[in-house]
Amino acid sequence: MKDNRFLTLGIESSCDETAVSVVADGRDMLSNVISSQIAIHTKFGGVVPEIASRRHLENVNDCVNQALEDAGVTLDDIDLIGVTHGPGLIGAVIIGVATAKALSWAKGIPLVGVNHMHGHVSANYIQYKELEPPFMALVVSGGHTNLIKVNDYNECEVLGATRDDAAGEAFDKVARVIGLGYPGGPKIDKAAKEGNPDAVEFKRVYLEKGSLDFSFSGLKTQVLDYINHERMKKREVSVPDIAASFQASVLDVLVDKTMMAVEREGEEKVVVAGGVAANSGLRAKLSEACAERGIELCMPEPVLCTDNGAMIAAAAYYKYKKYGADDLELDAYADLPF
Ligand code: KG4
Ligand code: ZN
């Protein structure tokens, strides 16, 4: 039953999760349905875009109905529909956008397109009810690695970005190389807990002095070179040690650059966002670094770090308040700048 709060239905389908959520006043998550395709893509060792699109198509209506039911409302109670319109796998994004447009048109509900990465940052508004910009955001996902100065709800400045692989992509590729398979991030996270982070010395790539950009593609090559070298010497390699050493080299750079950005910009708050923010080592290391400097740290619980509809609803709410609705010409994009 609807109370007098403003209800947003958030739809996310940019990669391998069909996710729908109802959020009240941009902050309170009333439902959060996530239909994961992990089991399907595991046998292929990664996300197969065509299969992902087809599964979104099969799942999306059920996810919408379930999200409404869990929230105890109907479409007639929804005030706004927010949908990821990029960046992502284009066929997958199109399913979410087409669904949102159809619901918007049929029910006369305003529609807002949300940048997926802006959605990730906005997951923090759900978890931290009092959080308001400005703050520094470290956004680390399968497709992006960014340091973003969030000046206002709809005003972001990209200070640093990856020049090659994203952090999550590095986790996924290295997991494949060491035989852990898909999805790589959580598997490396788990294996690293059993390994020694000092066992193998992988390089930390900082780029030019003062740069807030990242580069992770060389790490995969370093891991491969190390494995080949050990095998040539007929030595056993320890998967947990490689996982722990690789993870340590990624996390050192992520945390050091985040602290550099905070100090340079004089920010007092840091938020993390995106799938890699679910990494237990990153959470521990960032907590320590922020505590040492007296910086406030927001880390949404893991289910809000990986893809979900609530983050899209939160971002849509603030975008709609400032800019109003999009029209039915709203398009889907594989690439969409922050
Ligand atoms: O944000 P997300 O769910 O989807 C994208 O927007 O890409 O992020 C997925 C990425 C994948 O690369 C996955 O391996 C990584 O996040 N990931 C993790 C962990 N959980 C997910 N990486 C490291 N540790 C984790 N616990
Ligand atoms: Zn994502």
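Me: Into how many nonpolar, polar and charged residues does the lining of the largest pocket divide?

Reply: This is a predicted model, in which local features need pLDDT of at least 70 and side-chain atom pairs count only at pLDDT 80 or more, while totals for chains, interfaces and linings use all residues. Residues are numbered from 1 along each chain as its sequence is written, chains are lettered from A and ligands numbered from 1 in the order in which they are written, and side-chain values use heavy atoms, leaving out hydrogens and water. Three classes apply: nonpolar (Ala, Val, Leu, Ile, Met, Phe, Trp, Tyr, Cys and Pro), charged (Asp, Glu, Lys and Arg) and polar (the others, Gly among them). The lining of the largest pocket divides into 19 nonpolar, 19 polar and 9 charged residues.

Me: Which residues are the closest to the centre of the largest pocket?

Reply: The largest pocket (on a 1 Å grid over the protein atoms alone, an open set of points where a 1.4 Å probe fits, with protein on both sides within 12 Å along at least five of seven lines) has a volume of about 1,300 Å³. Its lining comprises 47 residues, each with an atom within 4 Å of a point. Closest to the centre are C15, S141, G142, G143 and D172.

Me: Which element gives the most to the lining of the largest pocket?

Reply: With a volume of about 1,300 Å³, the largest pocket takes two or more lining residues from each of α4 (116-127), α5 (167-177), α6 (184-192) and α10 (302-305). Such elements are DSSP runs numbered from the N terminus (helices, H or I, at least four residues; strands, E, at least two). The element giving the most, with 6 residues, is α5.

Me: Which element gives the most to the lining of the second largest pocket?

Reply: The second largest pocket has a volume of about 170 Å³ (the space filled by probe spheres set on grid points joined across faces, edges and corners). H85, G113, V114, N115, H118, N154, C156, K319, Y323 and F338 line this pocket, and the elements that contribute two or more residues are β5 (111-115) and α11 (309-323). By class, the lining holds 4 nonpolar, 5 polar and 1 charged residue. The element giving the most, with 3 residues, is β5.

Me: How many residues of strand β2 are buried?

Reply: E17, A19, S21 and V23 point one way from β2, whereas T18, V20, V22 and A24 point the other way. Residues on both sides are buried (under 20% relative accessible area with a 1.4 Å probe, protein chains only; exposed is over 50%, partly exposed in between). Strand β2 (residues 17-24) is therefore largely enclosed by the rest of the structure, its buried residues numbering 8 of the 8.

Me: Which residue takes a positive phi in the hairpin of β2 and β3?

Reply: Strand β1 (residues 7-12) runs antiparallel to β2, with 6 bridges joining them (strands pair if DSSP finds at least two bridges), and L9 has V22 as its bridge partner in β2. On pairing with strand β3 (residues 28-36), β2 is again antiparallel, over 8 bridges, and V20 stands opposite V33. The hairpin of β1 and β2 has 4 residues between the strands. In the hairpin of β2 and β3, with 3 residues between the strands, the residue with a positive phi near 50° is D25.

Me: How many residues apart in sequence are the parts that E265 and K149 tie together?

Reply: E265 forms a salt bridge with K149 (a side-chain nitrogen of Lys or Arg within 4 Å of a carboxyl oxygen of Asp or Glu), the closest N and O atoms being 3.2 Å apart. E265 lies in helix α8 (residues 239-265) and K149 in strand β7 (residues 145-152), so the pair ties together distant positions, 116 residues apart.

Me: Is K149 buried or exposed?

Reply: E265, the salt-bridge partner of K149, is partly exposed at 27% relative accessible area. K149 has a relative accessible area of 15%, and is buried.

Me: Which helix holds K285?

Reply: D252 and K285 meet in a salt bridge of 2.9 Å, N to O. The pair links distant parts of the chain, 33 residues apart, with D252 in helix α8 and K285 in helix α9 (residues 280-293). D252 is buried at 19% relative accessibility, whereas K285 is partly exposed at 29%. The helix holding K285 is α9.

Me: At what relative accessibility does E263 count as exposed?

Reply: The side chains of R293 and E263 meet in a salt bridge, 2.8 Å from N to O. R293 lies in helix α9 and E263 in helix α8, so the pair ties together parts 30 residues apart in sequence. R293 counts as partly exposed at 37%, while E263 counts as exposed at 52%.

Me: How many salt bridges does a search of the whole structure find?

Reply: D3, R5, D28 and K129 are linked in a network of salt bridges. For the whole structure, the search finds a total of 15.
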